[in-house]
Amino acid sequence: MIPAQPPASSLPVNHVTRRFAALSATIRDTGLLERAYGFYAIYGAALALALGGVVTGMILLGDSWFQLLMAAALAIVFTQIAFLGHEASHRTVLASGPANDRLGRFLSTLMVGISHQWWMHKHTRHHGNPNRVGKDPDIDMDTIAFREEDAANARGLLRWINARQGWLFFPLLTLEGINLHYQSIRSLVTSGTRRQRWQEIPAIAAHFVLYLVPLFWFLPLGMAFAFLGVQMAVFGVYMGASFAPNHKGMMIVPADMKMDFLSKQVLTSRNIRGGWTMSILMGGLNFQIEHHLFPSMARPHLGRAREIVREHCANVGVPYTETSLLESYAIVVQYLNRVGLAARDPFDCPERVAMGR
C-alpha cells in the first residue's frame, strides 16, 4: 500500500529543529562520522579486479554471442563504479573535499561517462529539498510524471505514456543509460562553465573512445551493436532500480510548506531492508534516510546509524519508512499508475482502463 501522507497541519515545523541537533550529537559522539578508508580501499580494488575480469572475459570469448553476458557484467561494474562516484561526490571517501571531487570526476566522468558537475548540481538540489515541488529536480516533469498536475498537462505520446507509466516504468529504464549520457553532455554544452567543459567533455569522449573503439574493432558489427545495447539497457535498469525506491511514492512537499530538517528528510525517504547484501547491491542507497540526514557518512557506518535514527524518530514521533525491495517497487508502480490517472481520457471506461485495453 502507498503510505498515507500526513496532513500539513500535523507536520513538525521549524521550532523543533533542535530534534536533529540532538540526533546529530549522538551520531557524532558514537564516531559514525569518521572515514572508512579500509572499506573504500578494498571496494575500489574489488571494482578494479571486476573490470579487469570483464575485459579479460571479452578477450577470451572473442567472436561469440556469449559476449552479451560480458555486456551485462560490464553494466553492473559501471553501475558499481557510479555508486562509488556518488559517494565521492558527497565527500565521503577521502579526507579532503578537493580530493573527493577529483576522485568523483575520475570515476563518474572518465570511467562511467557521466558529467560530474551536472550530477553534483542536480543531486545537491535534490538533497536540499527532497520531493519538494519546484525545488527537487528529481520530480520535475520528464518522460515520467511524478505529480498529477504534470500528468494532466501532458499531450500526445507523452500523455499516452503517462497514462500507463507505472507498468512502463521498468521498460523505460532500459533507456535511462542513454539519457544519463545525453543529459551530461547537454548540460555541459548549454550551462557548463568553460573550465567544466574543458575538464569533462574530453573525459567523456575518452570514456567512449576507450570503450567503443576496441568493441567495434574486435567484434562483428552486429554483435558490437548488440553488446552496446545490452550494456546500456542493463546499466539504465540497474541505476534506475537502485535510485527509484528511495523517494518515489513518498510524501510530495508543497512549495510553500515549512518543515524542519529532520522531518523533511525522513518523511520523504524510504529505507530498504536487506543488511550488507543490499548495501553492496544498492551502493548504500538502501539506507536512504540516514544518507539524507548525514550525506557525508561512510557506507559501513550507515547500518549502525539506522538503529540510532529509528529509535530517535520513534521518540520524537516522526514516521520512519522501511520496506523490502520488492515491496518498494510495488509501491512505486502503484504510485506512478495513480498519478498517471490524470493523463487518461476522462471518458475511458474504468474497467477497460484497469484491464489495460
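Trainee: Which residue forms a salt bridge with E200?
Mentor: Bear in mind that this is a predicted model: local features need pLDDT of at least 70, side-chain atom pairs count only at pLDDT 80 or more, and totals for chains, interfaces and linings use all residues. Residues are numbered from 1 along each chain as its sequence is written, and side-chain values use heavy atoms, with hydrogens and water left out. A salt bridge is a side-chain nitrogen of Lys or Arg within 4 Å of a carboxyl oxygen of Asp or Glu. With closest N and O atoms 3.5 Å apart, the partner of E200 is R105.

Trainee: How many residues apart are E200 and R105 along the chain?
Mentor: Helices are DSSP runs (H or I, at least four residues; strands are E, at least two), numbered from the N terminus. E200 sits in helix α10 and R105 in helix α4, and the pair links distant parts of the chain. Their separation in residues is 95.

Trainee: Is E200 buried or exposed?
Mentor: Go by the cut-offs: buried means under 20% relative accessible area, exposed over 50%, and partly exposed in between (1.4 Å probe, protein chains only). R105 counts as partly exposed, because its relative accessibility is 23%. E200 has a relative accessible area of 0%, so call it buried.

Trainee: How many salt bridges does the structure hold?
Mentor: Side chains of opposite charge can pair when their charged atoms come close. D138 and K122 give one example, at 2.6 Å from N to O, and R147, E149 and D150 are linked in a network. The total for the structure is eleven.

Trainee: How many residues apart in sequence are the parts that R299 and E87 tie together?
Mentor: Their closest N and O atoms are 2.5 Å apart, which makes a salt bridge, and both R299 and E87 are buried. R299 lies in helix α15 (residues 299-316) and E87 in helix α3, so look at the gap between those parts. In residues, that gap is 212.

Trainee: Which element gives the most to the largest nonpolar core?
Mentor: A nonpolar core is a set of buried Ala, Val, Leu, Ile, Met, Phe, Trp, Tyr and Cys residues joined through side-chain atoms within 4.5 Å. The largest one has 50 residues, and those with the most contacts inside it are Y40, I81, L215, F227 and F235. Elements giving two or more residues to this core include α2 (37-61), α9 (176-191), α11 (221-243) and α16. With eleven residues, the top contributor is α3.

Trainee: Which residues does L215 touch, leaving out those up to four places away in sequence?
Mentor: Contact means heavy atoms within 4.5 Å. L215 is one of the core residues with the most contacts inside the core. Once those sequence neighbours are left out, L215 touches M58, A224, F227 and L228.

Trainee: What do L61, F66 and L69 have as their accessible area together?
Mentor: They form a nonpolar patch on the surface; patches are made of residues with over 30% relative accessible area and no salt bridge, with like charges joined within 9 Å and nonpolar side chains (Val, Leu, Ile, Met, Phe, Trp, Tyr) within 5 Å. Areas come from the Shrake-Rupley method with a 1.4 Å probe, and for residues only the protein chains shown count as cover. L69, in helix α3 (residues 67-89), is exposed at 55% relative accessible area. Together, the accessible area of the three is about 310 Å².

Trainee: How far does helix α16 reach from its first C-alpha to its last?
Mentor: The expected span of a helix is 1.5 Å times one less than its number of residues. Helix α16 (residues 325-340) has 16 residues, with 22 Å expected. Its buried residues include Y329, V332 and L336. From first C-alpha to last, α16 reaches 22 Å.

Trainee: Which residue in the loop between α5 and α6 has a positive phi although it is not a glycine?
Mentor: R91 also has a positive phi of about 60°, but R91 belongs to the loop between α3 and α4. R91 is partly exposed at 38% relative accessible area. In the loop between α5 and α6 (148-153), the residue with a phi of about 60° is N131.
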